[in-house]
Amino acid sequence: MMAAIIRMEARRLLRGRWLPLLWLVFFILCAGAAWNGAAWVEQRESALAAIQADERETQRLRRAQIADEITPDNRMRYGGALYATAMSLRATLAPGGLAVLTVGQAEGYPMAATIHAFSASNTIFDRHVAGMENPSVLAAGRFDLAFVIVWLLPLLVLAGSFDLFAHERERGIAPWLLSQPVSPGRLLAAKAAARALLLVLPPVAILLAVLVAGGAASLAALSMAAVLVALYALFWLALALLVNLVAGNAAQAALGCLAGWLLLVVLLPALALGLADLAAPPSSPTERVNALRAQAMQARAETRAAGQATAPRAPAPNIPDSLRRRALEVERGEGLIRTAAAPYRAQDERRLAWLDALRVASPAIALQDGLERLAGADAARALRFQDQAHGFLLEVRALVGRYLAEDRLLTTADYDAGLPRFVMREAPLGERAGALLFDAAVIALSGAALLLAARRRLGRTTTFTE
Amino acid sequence: MAAFTTTSQLGLVARQQWTSLLRERRLRLLGLLVLALSALALVDAAQGSRRAESARLHDTHAEREVWEAQGAANPHGAAHFGRYVYKPDAPLAVLDPGLSGHLGRALKLEGHQQNASRFKATDGGAALTGFGGFSPAFALQVLVPLLIVFAAFGAFVGERARQLTWQEIGAGASPWQLMLGRASAYGGALLLLLLAVGALAALATIPAWSGAHLAALGLMLAAYGLYWLGFLGIVLALSAVSRSSRGALFGALGFWIVAAVLAPMLAPALAEARHPTPSATAFEAAVIEEVMKGPDGHTPRDVRFAAFERATLARYGVRHIDALPINYSGLLFEHGEKISSDIYNRHFDRLYDGHAAQARIMLAASALSPLMALRPLSAALAQTDLPAHRHFMVQAEAYRYATVQALNRDIKLNRKPGNGEYASDVAAITRSIGFTPRPYALHELLPRVAAPFALLLAWLLAALGLMRLGARRLEGSA
């Protein structure tokens, strides 16, 4: 019986000309968003390639200086290239596997770091934080696949299911339908199942097709994207079902569905963000910069005071002692910076924990989070990169420290053997999967809560004659 | 006499519709909800603005202390260490934050380099922050039109509304009078909302009160009024031409989705695709290439510096730079700074030209959505748009250039050859150079808001035309 109702309902839906039109619109939106996303990924990759090319070019020039240009006569003027402090390195964060899905947080965090041994650790990202994009474009939000899915897919599902049962109630045929040998619950479940087949599966298939066409190859990531999007679409179907049990006619149901969309996609996230701002406001970056710069000044003053007693060595070492004094200043500064930055870092971590926890406020937030993680454009990955880039700076400093200790100059052989390279280590699979499963659970449980509410409502309303 | 009858009939219809609006409990609630949300957002924004201003004063003071803590330092090293300046909040940002969240609150000023502003409010977020917060402008630009849709889609459709319309026509009112009467009633409600928001915004910005401030606020409110009336006219016309309330609702909602959700998101993406601007990395690379190869692209820096050295020796009539009465490094820094600043200015001009071309496309999208005309207008009057930001950046650049060149001049005039490490009191050198950014005066903004105003007026006229068509349709169906 259920199968027959599903078939009948599906046939009825397919006869309406609007359904293929909805699929077409969704396909066009997805294709446009994927094209946009691919263009962004290309731009990001070319920016990263330019940063890496800059690193190679700097190293080539320094090597050429050592090989061809520095002579005992001009060493006083151009000799800097001989010291290990001349190592100029870059750390870059490549886009993730499904980067075409969403820009996510990628524009809110640095994509690279410039590593010079004596740079203060709080400044290594400075050259890579400020974008030149038109702020109007950023303020409008990127038109990417995540936007189409999180914001527009619900409208597609609601457009096809807002009158799931309200139509029958409006026409007065609900009592007749319910007089047939089928329970109200089964009837509604069958009608919802038909819509799930026609409003959930095709969009998921379209999304997968677009992602594959866009070059996505990871089966696991594609499967996870499909699961998240299907759960999300089913959530909106559950909302339409509940609204249909409350609304007396199709217009009321449409208003109810739209109000639900507005609440869950616009208002609740805004309120949740307000709550996060109240409970865990972000640290002030301007205050932090001043505090850290003050520490750098203090380190300089302390080092100068300590260095005044040191007499020039004879014979003079290969590397001037001023660089060793600078190394001490940098080390002292690093300690002071770490201490001064700790409260700001703790405040930011607390805020991120709040933002992370508040994804339970709406399935829309949970899905956005899941898609950002799949795209490798999430905050956790960006922070992981920052930590590793900082670790790389410390490694380079330790290496330079050895050169200073051994009074060893850089040679062309050092460049030929290859200077240290940054390699990003991704989070363990378990950690990434855990976060994605949490997002999926938020969406699934929200949908289950709606179904439970629908069931309770159904228990109270059995005749639908009002 | 005829005019009197027409006016009194119009008043009658408007009064009747007004009463019916007041009796509609759901609409009352929705209206109050929108007003409450706007008021809440305004209060929150006003508090945020006060906090931001006090943080700015604190940061400015702390930054000066850090700069002065350098004591005796190499002036060129100090130029690299750099200074920070902080952008003040525009008072009307409490009503429309515009692009503030994406513009950056501080700017690092240093030698050889012109930076973009940094520390955007949107930096360091998570998935939740991508949804954006709630601002009064969002309520006025997006939610009020939705309220108009909910309130007015059923003005002429549905059993009750149709019966009432027929009775009114039967009593002698013309369909156009009915249309104008309903528009007056809804318009009156919107006017009350506008006045309430205006009063709240004025109260939230008391410290900034001046003739120009209140005039800018008045212009903003007028623009919102035009926008809402245009929206209302279209929804009423759709209601008049629709056969069912469902059709009217879907038509009006469809228009809202296109005008308030899709167009504002798609137009910037389209504009960026049509007039792409360089990424920060490409921008920096282009500047560095020009610095290294010269503006003509064929004269390497070494060659240009050698020519400069020859010219300097000739000018002072000496044979070696050690014989110069000034320090040559300082002179070279000064010369190099002038060259790199010119290059940066040229590239920034090109970048902003690209942004302006994108803005023109976005404004052209107001053919699809009146919001695309309202947004730049509102942000321009609130001074939270890109031109206002550029105005700040240009002033900051003048300050940077003066500071860096003062430091270079000190080296040029005071460093003696063979002195070894040179140090000077950098705070004393730069103490006389101040930075007090000036916002745009109202008369400087007006030319920029004229076109969007005209477009909003065009929308209102088009809506009146559609209302006229809708009235004819009503006449036919009566």
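This is a short tour of a predicted model, with suggestions for what to select at each stop.

**Stop 1: helix 2 and helix 5 of chain A**

Start by selecting residues 18-69 of chain A, which form helix 2, and add helix 5, residues 145-161. How do these two helices run relative to each other? Their axes come within 10 Å and cross at roughly 175°. Angles over 145 degrees count as roughly antiparallel, and helix 2 and helix 5 of chain A are therefore roughly antiparallel to each other. Now show the side chains where they touch. On helix 2 of chain A, look for Leu19(A), Leu22(A), Phe26(A), Leu29(A), Cys30(A), Ala33(A), Ala34(A) and Gly37(A). Facing them from helix 5 of chain A are Leu145(A), Phe147(A), Val148(A), Leu152(A), Leu156(A), Ala159(A) and Gly160(A). If you colour this contact by class, you will find 13 nonpolar residues, two polar ones and no charged ones.

**Stop 2: helix 5 and helix 9 of chain A**

Keep helix 5 of chain A on screen and add helix 9, residues 219-246 of chain A. The axes of this pair come within 9 Å and cross at roughly 45°, which makes helix 5 of chain A oblique to helix 9 of chain A. The crossing is right-handed. Which residues meet here? Helix 5 of chain A brings Ile149(A), Leu153(A), Pro154(A), Val157(A), Leu158(A) and Ser161(A). Helix 9 of chain A brings Val229(A), Tyr232(A), Ala233(A), Trp236(A), Leu237(A) and Ala240(A). By class, eleven residues of this contact are nonpolar, one is polar and none is charged.

**Stop 3: two bent helices in chain A**

Hide the other helices and select residues 184-213 of chain A, which make up helix 8. This helix has 30 residues and reaches 43 Å from its first C-alpha to its last, close to the 44 Å expected. Turn the view until you see a kink of about 30°, centred on Ala196(A). Then step past the end of helix 8 of chain A to Gly215(A), whose phi is positive, near 105°.

Next, select helix 10 of chain A, residues 250-279. Helix 10 has 30 residues and spans 41 Å between its first and last C-alpha, close to the expected 44 Å. Where does helix 10 of chain A bend? Centre your view on Leu263(A), where the bend is about 40°.

**Stop 4: helix 12 and helix 14 of chain A**

Move on to residues 321-357 (helix 12) and residues 379-405 (helix 14) of chain A. Their axes come within 12 Å and cross at roughly 165°, and the two helices are therefore roughly antiparallel to each other. The crossing is left-handed. Leu323(A), Arg324(A), Ala327(A) and Leu352(A) of helix 12 touch Ala379(A), Gly401(A) and Leu404(A) of helix 14. This contact has five nonpolar, one polar and one charged residues.

**Stop 5: where chain A meets chain B**

Finally, show both chains together. How many residues does each chain give to the contact? Chain B gives 59 residues and chain A gives 53. On the side of chain B that touches chain A, the elements that give two or more residues are helix 2 (25-68), strand 2 (83-86), helix 8 (245-274), helix 9 (280-293) and helix 11 (328-364) of chain B. Highlight helix 8 of chain B, which gives the most, with ten residues. By class, this side of chain B has 33 nonpolar, 19 polar and seven charged residues.

Technical notes
Residues numbered from 1 in each chain as written. Chains lettered and ligands numbered in written order. Predicted model: local features only at pLDDT ≥ 70, side-chain atom pairs only at ≥ 80, totals over all residues. Axes fitted to C-alpha atoms, helices over the stretch in contact; angles between N-to-C directions. Helix = DSSP H or I, 4+ residues; strand = E, 2+ residues; numbered from the N terminus. Parallel < 35°, antiparallel > 145°, perpendicular 65-115°, else oblique. Left-handed = near helix turned anticlockwise from the far one by under 90°. Contact = placed C-beta atoms within 7 Å. Nonpolar A, V, L, I, M, F, W, Y, C, P; charged D, E, K, R; others polar. Expected span 1.5 Å × (residues − 1). Bend = angle between axes of the 7 residues up to and from the residue.
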